[in-house]
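Grab a coffee and take a slow look at the fold below. We'll walk through it piece by piece, from the inside to the loops and the surface.

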Amino acid sequence: MKLPSSTRRNFTAGLLGSTSFWIYGGHKVWADALQSESSRPYQPQYFTPEEWRFLNAACARIFPADAHGPDGAVLGAPEFIDRQMNTPYGHGELWYMSGPFRSGAPNLGYQLSLPPRDLYRQSIEAANAYARQLKGQRFDELEPSDQTALLKTFEQGKMMLGAVPAHTFFEQLRQNTLEGVFSDPLYGGNKGLAGWMLLGFPGARADFMDWVNQKGAPYPFGPVSISGETA
């Protein structure tokens, strides 16, 4: 999927079919983490302050605000990603992570020796260094248009960010950002269920039998989270 413009969002077929879309670490991980949720700003548990600023800026550019809703940072994608870094997914415990490590076709799956949390750490540091070299500022300090241009460079280029191909980092960040926007709010993203409202997705409702045979009829109820939160 190409990087969205500032006025519209492009979604590719298969986004909602991602095997990692709904859950990485299990309901209990998130229930425990969110049981004392308050109005205080979320404090990242894995990312450093500099990494956190990068992540918020990048998520806002990958999923920009438009007439239909807020950007990915406002929708909680950075929080979703940060929480994922402390799950088995973030530690790379859900797939084979022993050598040999070689480049392979996309259908062969993840091929790097780095778990996602280390991929983010190395790539963000290198991306900020590249931004300083190019523009004299960290990524989050750049104008939004310059941030978008830099992300496109990562998406299209063959440069390396540390030990990580720039395109690989961009695709990881893009995928996780969209997962955060459209996941159940239980996992930290999709604030106010705004992502589901954008799609017209009803969420975790238990019973749709009254609507099964009403082809074309608009569904009148808003989305519901696993936790019972409603829009």
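A residue counts as buried under 20% relative accessible area and as exposed over 50%, with partly exposed in between. Phe-201 comes out at 30%, so it falls in the partly exposed group. Keep in mind that what you're looking at is a predicted model.

**The nonpolar core**

- In soluble globular proteins, nonpolar side chains tend to be buried together.
- Here, the largest nonpolar core is made of 39 residues.
- Which residues have the most contacts inside this core? They are Phe-47, Ile-81, Tyr-120, Phe-169 and Leu-173.
- Several helices chip in: helix 2 (49-62), helix 3, helix 4, helix 5 (144-156) and helix 6 each give at least two residues to this core.
- Leu-173 is a good one to click on, since setting aside residues up to four places away in sequence, Leu-173 touches Phe-54, Leu-55, Ala-58, Ile-62, Ile-81, Tyr-120 and Leu-151.

**Helix 3, tucked inside**

- How many of the eight residues of helix 3 are buried? Eight of the eight are, so the helix is largely enclosed by the rest of the structure.
- The buried set includes nonpolar residues such as Phe-80 and Ile-81, but also Glu-79, Asp-82 and Arg-83.

**Ser-123 in helix 4**

- Ser-123 sits in helix 4, and its relative accessible area is 0%, so it counts as buried.
- A polar atom of the Ser-123 side chain lies 2.8 Å from the backbone oxygen of Leu-119.
- Beyond its neighbours within four places in sequence, Ser-123 is in contact with Leu-161, Val-164 and Phe-169.

**Val-181 in helix 6**

- Val-181 belongs to helix 6 and is buried, because its relative accessibility is 0%.
- Val-181 and Ala-73 are 108 residues apart along the chain, yet their C-alpha atoms are separated by 8.7 Å.
- If you skip neighbours within four places in sequence, the contacts of Val-181 are Phe-63, Gly-72, Leu-75, Ala-77, Asn-190 and Gly-195.

**Two odd backbones in one loop**

- Most residues other than glycine have a negative phi.
- Asn-190 isn't a glycine, but it has a positive phi of about 50 degrees.
- Leu-193 isn't a glycine either, and its phi is positive too, near 60 degrees.
- Where do you find them? Asn-190 is in the loop between helix 6 (166-182) and helix 7, and Leu-193 is in the loop between helix 6 and helix 7 as well.
- Are they buried or exposed? Asn-190 has a relative accessible area of 0%, so it is buried, and Leu-193, also at 0%, is buried.

**Out on the surface**

- Leu-198, Leu-199 and Phe-201 form a nonpolar patch on the surface, with about 210 Å² of accessible area together.
- Phe-201, a member of that patch, is found in the segment after helix 7 (194-199).
- Gly-99 is in the loop between helix 3 (77-84) and helix 4 (116-135), and with a relative accessible area of 37% it is partly exposed.
- The C-alpha atoms of Gly-99 and Leu-112 are separated by 9.2 Å, and the two residues are 13 apart along the chain.

Conventions:
Residues numbered from 1 in each chain as written. Predicted model: local features only at pLDDT ≥ 70, side-chain atom pairs only at ≥ 80, totals over all residues. Heavy atoms only, no water. Helix = DSSP H or I, 4+ residues; strand = E, 2+ residues; numbered from the N terminus. Buried < 20%, exposed > 50% of the residue type's maximum accessible area, 1.4 Å probe, protein only. Polar contact = N/O pair within 3.5 Å; in protein donor to acceptor, adjacent residues only side chain to side chain. Contact = heavy atoms within 4.5 Å. Patch = residues over 30% accessible without salt bridge, like charges linked within 9 Å, V, L, I, M, F, W, Y side chains within 5 Å. Areas by Shrake-Rupley, 256 points an atom, 1.4 Å probe, with all protein chains shown as cover. Salt bridge = Lys/Arg side-chain N within 4 Å of Asp/Glu carboxyl O. Core = buried A, V, L, I, M, F, W, Y, C linked by side-chain atoms within 4.5 Å.
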